[in-house]
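Colleague: I would like a close look at a single part of this model. Please pick a helix, take me through it slowly, and then set it beside other parts of the chain.

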Amino acid sequence: MGAKSRLQQRDAHAKGRSIIAWDKTGKNLVTAGVDGKVLIHTWDPSVPSAVIATIKAHNAAVTCAALSPNGTVLASGSVDHSVKLFSYPDGKFQSTVTRFTLPIRCLGFSATGGLLAAAGDDDGIKLIAMADNSIARILRGHGSPVTWVAFDPKNEYLASADSDGTVIFWLISSGKSLHTLTQIAPRIDVEFSESSNCVAWSPDGNLLALPGRKSDVLLLDRDTAEEICSFKGGHTSPVSALAWSLNGKYLATAGSDLQVVLWDVEKQQDIDGMLFETPLCSIAWKPVENALAAINMEGKFSVWESAVPPHMVSPTICVKSSLVSATNFEQLHKFSDDEGSEGHGQSIDLGSQDTAGGNEDNDESNGEEEEEEEFVSSKRRRGGNSASLDDVYDKKPAKRPQVETARASFTLKVPAMQGAFHPGSTDKVEGKRWFLAYNLIGSISSCDKDGSCHVEVEFHDITKGVRIPAMADYFGYTMASLGEKACVLASPQNGDKCPSTLTYRPFNSWASNSEWSMRFPANEEVKAVAVGNGWAAAATSSHFLRIYSEGGVQSFILSLSGPVVSMNGYQHQLVVVTHSSNPLSTDDQAMEFVVLDLQRRRKIMDGRLPLSPGSRLAWIGFSEGGSLGFYDSQGVLRRHFHEFGGCWVPIFRAEKERKNSSEVFWMVGFDETQTFAVICKLPETQPLVFPRPILSFFKHSLPLVNADLGGDDLENDYLRHSLLLSEARAKADRAAAEGLDADHEDDNVLQKEIEHDKYVLRLVAAACKGDKLVRAMELAASLRLRKSLEGAIKVVNAMRLPSLADRLNVMLEQRNMQKSLEDDVSEPVRAPDSSIWERTQRVEALEKEPVQRVEAPGPPPSVLPVAQHPKPVIQKESPAIPREPPQAQAHQQDRATLSNQPAKVSHDQALISAQRKASNPFAKSPAPNGGASTSKSSVLDSLKLLQGDKKKKETDGEKGNKRSRKS
């Protein structure tokens, strides 16, 4: 335990977490606390400190503060969701550079002061360009509140830590994450925990220090993020604050165990310590002297003078300051912030009495290393819990610092949860147009220039789409979805006075004021939107899925199972992708999807989303025919098929189509046979609005293993058409089961069967040529049409393979026999379970069936003449129409006979009579006595009857004419 602190403590803020920092001169201290104040103190050990400036610009607790490298700008972040800038040292308010929707936890300036990083409980780290106070980039990758950010002194990397213990290395130039280390730091509670996950770069930028999970301190390599060493034995509880000395020789750590420990980085051992009465929450080295400032949880601060023992190298020895003159400050405010500090700063020699003493100590330490180590051990003011100061002076400590070697587990790259995104959207670029949405219908673009922002909607086919005038953007839209009949836009929350807004805009409406907007509560923010035929949907940060009608009526509210990742719509279908759990240790995202039918309010399908290993979801949507597919960051497009009860099949790989490594495929959409994408050249990974993106078409190709026949493309086409045929059959069966008109689907199935059999016949020929008879037999069995099977037999006979030809002939005979049996058995007109091949053959057989002769029946057992009861007997009836039982027909005829009235014909009998073919007019009527007549006299009798009827009609006509003349 370190020696108890007798340092003079001075009040600064209310009880709670506070921040402390020195300015570049070392004359003033800056503190910030939960009382919402930022104070600037003068420091002189001989006189009481005085507050020279009090900044009260926040209406809630100030959680972080940072000074620019040149010492002219002070930035502060607060629980009130705002980041404010002040001039230093007078503390005059300059501007509010950005706002968040949740509390801000950390701030940090880049080495040149051109960028300011701000982060907190929101999703993303904002990089603010100090030249114009604009958002240069947003870094997304953390799944929990970000507690610390630190720029690399070489101005290449940004390190960040969150409350779950994840540390990410970011590349500033591109905004990409280089290394993601999960669970490397302790898990903390940002609201109530006394400790904080912090990170600190060494002054040369080669090492990154951070707290470990075992109350230790880890040092990571700059480029590989591998652990170089770990300092153990100094703390008994997690480390809450870190600070490097200006020469990088010493590292100061503070923990919730009330201790401050000084470490010699080169020797990897602790050299001194100090015990405080209250847990510390922030420490800072004085830039020009051997002193360490600290502030505790009670809001009181103190300064540990001569922290490093006098016999050791001073923390300021041989240090070249990176101070930046105020005259060059304006030149540092650039957008890119990639040039470093060369030409913008000045190097000065900080010579002082402390520096001179440090040189002498350095010479002594080089000559008498063993004596120095013994002296340091005896002068340490730390020991066991029960050890007195005398014991510490008399003997060496029993427990020496332990140094561990690098552990491979720290280099495991496990990503955080992927943030929400919109298919077809690009990153925002200041001063340039960027896509809010881009699909096969058109695009929605936005531009924020000179303080004015507007949104434009354009269609690819200008002959079909209506020209939409540009719309002024007063809300700051960042999300959009484009449909055939309408579009929907949404904006995130921007402070308490600017809630998240959803806007629906139809393209053609009979009403003049059909556009509507919805504003969400302050604790709920829109994360993703989608639009379809007559509906709009929004997924929010509260895990709600809100569905609105075309007129703005909120028709339904669903609860999502996790944070939304993306969503898209097609006609009446909506697909939503959410996180099912935290990312796996194998670098895989855990996502699930659900497809909803909003018209019928039912769930069509759901399941897990099978992403490529270590990839992110890059696009999800529907094809022009309504098929669901998604594209990941590894360049694999997968489509959902109904085989095996629903499965995902990879139908496209960008790696196979890429001509060189500099090409990046930006997904737009797909159909049954092609994939549509925009090819970008590195370093660009997304298309620009101008010049307009050029769509490229790529044929679908399944990742098949090379066959021994050399027909990879042929096998690919065969398997692809087999899947398409299966989908067409499933669609036709669903239409038949729902009672819909399936003629179009049947025609589509027949066309797919013809294309399928064409590729099968080619594979049969290739198998026969390669002497693969079993394979040829299997392929022939998959033929759908009878003519295709006959063609396969001809091919086999031409290649003189009698054994295979005999088997195919047997197969053909079995199919013909099965067809004949099915024709004799009465079956429903439409059976969803029957095969398309059988239904097609049944239709062909019915069309080729000859007209059957139907004769008139004999007279019924009645006293009336036959002519008054013309009741024919149907020899063959349609199986689809039921008949009345014979008993009911006989009973009906008996009733008609007794009442001397013609028999009533039922509705079913009338339909049967209408469907019956006309009987032969030359057939002989049966004799009145029921006897059989010869076929020779039937033709003559029929002719005589026809002539007699003709003469009778002529006679009746003449008589009628005579009567009319007489009258």
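Modeller: What follows starts with one helix and then moves to sheets, a hairpin and some loops. Keep in mind that the model is predicted.

Start with helix α9, which covers residues 786-798. How far apart are its end C-alpha atoms? They are 19 Å apart. The helix has 13 residues, and at 1.5 Å a residue these should span 18 Å, so the two values agree.

Now ask which residues of α9 are buried. They are S788, L789, A792, I793 and V796. Look down the axis of α9: these buried residues fall within an arc of 150°, so they line one face of the helix. Turn to the other side of α9, and K787, K794 and A798 are exposed. Buried here means under 20% relative accessible area, and exposed means over 50%.

Just after α9 comes R800, which takes a positive phi of about 55°. Most residues other than glycine have a negative phi.

Helix α9 also has a companion. Helix α7 covers residues 743-769, and the axes of α7 and α9 come within 10 Å. The two axes cross at roughly 20°. Angles under 35 degrees count as roughly parallel. That makes α7 roughly parallel to α9. The crossing of α7 past α9 is right-handed.

Next, the sheets. One open sheet has four strands in the order β7-β8-β9-β10, and its pairing is antiparallel. Why do β7 and β10 each have a side without a neighbour in the sheet? Both stand at the edges, β7 at 62-67 and β10 at 93-99, and each has a single partner strand, so one side of each is left without a neighbour. The twist in this sheet averages 20° from one strand to the next.

Go inside that sheet. Strand β8 spans residues 73-78 and strand β9 spans residues 82-87. They run antiparallel and are joined by five bridges. Take S76 as an example: its bridge partner in β9 is K84. Follow the chain on from β9 and you reach a loop that leads to β10, where P89 is found. A cis peptide bond joins Y88 and P89, with omega about 15°. Most peptide bonds are trans.

A second open sheet can be read in the same way. Its four strands have the order β39-β40-β41-β42, with antiparallel pairing. At the edges stand β39 (526-532) and β42 (554-559), each with a single partner strand, so one side of each has no neighbour in the sheet. Neighbouring strands here are turned by 15° against each other on average, direction ignored. Strand β40 (residues 535-540) is joined to strand β41 (residues 544-549) by five bridges, and the two run antiparallel. Here A536 has Y548 in β41 as its bridge partner. As you trace these strands, remember that in a regular strand the side chains alternate between the two faces of the sheet.

Now a hairpin. It is formed by β27 and β28, with five residues between them. The two strands pair in the antiparallel sense over five bridges. W285 stands opposite L292 in β28. How many of the six residues of β27 (residues 280-285) are buried? Six of the six are, so β27 is largely enclosed by the rest of the structure.

Finish in the loops. A cis peptide bond joins F690 and P691, with omega about 0°. P691 is found in the loop between β52 (674-681) and β53 (695-699).

Two further residues have a positive phi. S306 has a value of about 50°, although it is not a glycine. S306 is found in the loop between β29 (300-305) and α1 (329-332). Its relative accessible area is 46%, which makes S306 partly exposed. R601 is not a glycine either, and its positive phi is about 55°. R601 lies in the loop between β45 (591-597) and β46 (602-608). Is R601 buried or exposed? At 56% relative accessibility, R601 counts as exposed.

Definitions and conventions. Residues numbered from 1 in each chain as written. Predicted model: local features only at pLDDT ≥ 70, side-chain atom pairs only at ≥ 80, totals over all residues. Heavy atoms only, no water. Pairing = 2+ DSSP bridges. Axes fitted to C-alpha atoms, helices over the stretch in contact; angles between N-to-C directions. Expected span 1.5 Å × (residues − 1). Buried < 20%, exposed > 50% of the residue type's maximum accessible area, 1.4 Å probe, protein only. Arc of directions from axis to C-beta. Parallel < 35°, antiparallel > 145°, perpendicular 65-115°, else oblique. Left-handed = near helix turned anticlockwise from the far one by under 90°.
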